[in-house]
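I opened a new page to look up a few places in one structure. I wrote each entry as I went along.

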Amino acid sequence: DTGYLFYDQGYGNTGSCESQITYLDGDNGILRHRGYPIEQLAEQSEFVETAYLVIYGELPSPEQRKRFGTMLRENAAIDTQMMRIFDGFPRGAPPMGMLTSIVSSLAAYYPHLATNNFEKDLANFDLTAAMAISKIRTIVAGIYRYRHGLPFNYPKDVPFCDNFLHLMFSEPYKEYAAIPEVTRALNLILLLHADHEQNCSTSTVRMVGSSGANLFTSLAAGICALSGPLHGGANTAVMQMLQAIHDEGDDGTRFIAAAKSGSKANRLMGFGHAVYRNYDPRARIIGHACDVVLNKLGKTDPLLDIAKRLEHSALNDEYFLSRKLYPNVDFYSGIIMRALGIPTELFTTMFAIGRSPGWIANWKEVASNPKGRIYRPRQVYVGPVKRDYVPIGKRG
Ligand code: SDX
């Protein structure tokens, strides 16, 4: 049909469709980062370590992990002038719109890092990468504070996820005291979003980076792509769907029936995937973690029961089975984020924090490839054949 035809544009080891970062087997529900199964990383690693693995290709030594963590802490604050960009938005502005604008401004505040040429100085890349991950996290927390009319918090000298929770929830009169279960659950959520092959937003980052655009600008483009409801916006849409089922006292039957109508507007959000024709392994991990996290926090969530019922109904329905539609990463992630106190409005920005290492790794693959060329996919033209111009006076 009129889809793009990707063809090898002579990128050598990382051709337009080649990468060394993430392996997906959609038929068997396999996901590996630099060869490590996502199940093992989820069980034994944490977000910052997995971010290092995704970006640099190897699990860090203790010294490398310490240095990376220090760079993240040292670059957690944002320029105070950037606060004026927040003020340029109405309080109710879409968080992803704010995030893409403020991340894009990093290129203006750090022009010496807004380059695309790391053949000269890879050390610049290390700082730029750490800065991007750390500041995206701080900006997301700032968006929450701004939307709620709360004073911004300054980062502390604490681990990445603890700092995020502090930036989000500490008050002038009371420091946020993160409990281990919460930071562990947040690490898991971010880790599971770290990278995912050539999804819409990552392909966007590669495309923009291939033009010579700097990392901050390329990340802003990826954030735009992620905001769509069929992509990163789905985690928010899932919670809205579950809440509607709860509020209507529906048992999900009406939603399942509507989802089978085939219209994109009624799709079962959090279900189906462009690659997986089996369970998304991340959905399985998060689904199991929901019970654990809620139990440890001494919380219950009626939406979890609804989600489980919905999953059971769909997976026993010929429509979903015949199309190999299974839960994806977004189906359960919102329930855990809600249990951690993160408001639904920020769910997609949380996805952006988690995906930032994957975007950075993919951008680096493109930006540092000596044989790299601009992405320029071709298309199959199906428009009108050649015809001659008709002056307006002679048109019907
Ligand atoms: C993410 O690419 C990635 O890796 C993305 C991601 C990542 O980590 O970056 O995994 C994150 O984006 C996960 C997906 C989040 N989106 C949603 O949950 C939105 C709901 N899902 C769908 O919109 C859909 O499944 C997509 C967009 C995810 C995938 O769409 P495809 O591959 O284009 O599937 P399709 O449109 O070709 O659908 C095939 C059939 C169609 O029916 P028929 O025309 O054959 O009759 O399945 C139906 C679709 O109507 N279908 C659904 C459905 N998803 C597909 N029907 C009901 N509910 C759904 N969710």
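**Entry 1. Two residues in loops**

I began with Glu 197, which I found in the loop between α8 and α9. I noted that the model is a predicted one. I had read that most residues other than glycine have a negative phi. Glu 197 departs from that pattern, with a positive phi near 60°. Is Glu 197 buried or partly exposed? I looked up its relative accessible area, which is 28%, so Glu 197 counts as partly exposed.

I then turned to Arg 34, another residue that is not a glycine but has a positive phi, here about 50°. Arg 34 sits in the loop between β3 (30-33) and β4 (36-37). Its relative accessibility is 22%, so I put Arg 34 down as partly exposed. The cut-off for buried is under 20%, and Arg 34 at 22% therefore does not count as buried.

**Entry 2. Lys 299**

I went on to Lys 299, in the loop between α13 and α14 (302-314). With a relative accessible area of 38%, Lys 299 is partly exposed. I asked which residues Lys 299 is in contact with, leaving aside neighbours within four places in sequence. I found Leu 294 and Ala 339. I also looked up how far Lys 299 is from Ser 356: the two are 57 residues apart in sequence, and their C-alpha atoms are 30 Å apart in space.

**Entry 3. Two buried residues in helices**

I looked up Thr 183 next and found it in helix α8. Its relative accessible area is 10%; since buried means under 20%, Thr 183 is buried. I set aside its neighbours within four places in sequence and listed its contacts: Cys 161, Asp 162, Leu 165 and Ala 178.

Gly 334 belongs to helix α16 (residues 330-339). I noted a relative accessible area of 0%, so Gly 334 is buried as well. Beyond four places in sequence, Gly 334 is in contact with Met 239 and Phe 347. I also checked Leu 304, which is 30 residues from Gly 334 along the chain; the C-alpha atoms of the two are separated by 9.7 Å.

**Entry 4. Helices packed against α17**

Two packed helices are described by the angle between their axes and the distance between the axes. I looked up both values for α11 (residues 234-248) and α17: the angle is about 145° and the axes are 7 Å apart. The crossing of this pair is right-handed. On the α11 side I listed Asn 235, Thr 236 and Met 239, which meet Phe 347, Thr 348 and Phe 351 in α17. I sorted the residues of this contact by class and got three nonpolar, three polar and no charged. I recognised Met 239 and Phe 347 here, as both are contacts of Gly 334.

I did the same for α5 (residues 95-109) and α17. These two pack at an angle of about 35°, with axes 8 Å apart. I noted that α5 passes α17 in a right-handed crossing. Which residues of α5 meet α17? They are Pro 95, Met 96 and Leu 99, and in α17 they meet Thr 348, Thr 349 and Ala 352. This contact has four nonpolar, two polar and no charged residues. Thr 348 is in my list for α11 and in my list for α5.

**Entry 5. Pockets**

Rolling a probe the size of a water molecule over the atoms shows where empty space is left. I looked up the largest pocket and wrote down a volume of about 870 Å³. It is lined by 34 residues, and the closest to its centre are Leu 230, Phe 271, Gly 272, His 273 and Ala 274. I found that α9 (200-209), α15 (318-322) and α17 (347-367) each supply at least two residues of this lining. By class, the lining has 16 nonpolar, 10 polar and eight charged residues.

The second largest pocket has a volume of about 470 Å³. I counted 17 lining residues, with Ala 42, Arg 184, Leu 188, Ala 289 and Val 292 the closest to the centre. Helices α1 (38-44), α8 (180-192) and α13 (281-296) each give at least two residues to the lining of the second largest pocket. I sorted that lining into eight nonpolar, three polar and six charged residues.

Technical notes: Residues numbered from 1 in each chain as written. Predicted model: local features only at pLDDT ≥ 70, side-chain atom pairs only at ≥ 80, totals over all residues. Heavy atoms only, no water. 1 Å grid on protein atoms, 1.4 Å probe; cavity = no way out; pocket = protein on both sides within 12 Å on 5 of 7 lines; lining within 4 Å. Points joined across faces, edges and corners; volume = space filled by probe spheres on them. Helix = DSSP H or I, 4+ residues; strand = E, 2+ residues; numbered from the N terminus. Nonpolar A, V, L, I, M, F, W, Y, C, P; charged D, E, K, R; others polar. Axes fitted to C-alpha atoms, helices over the stretch in contact; angles between N-to-C directions. Left-handed = near helix turned anticlockwise from the far one by under 90°. Contact = heavy atoms within 4.5 Å. Buried < 20%, exposed > 50% of the residue type's maximum accessible area, 1.4 Å probe, protein only.
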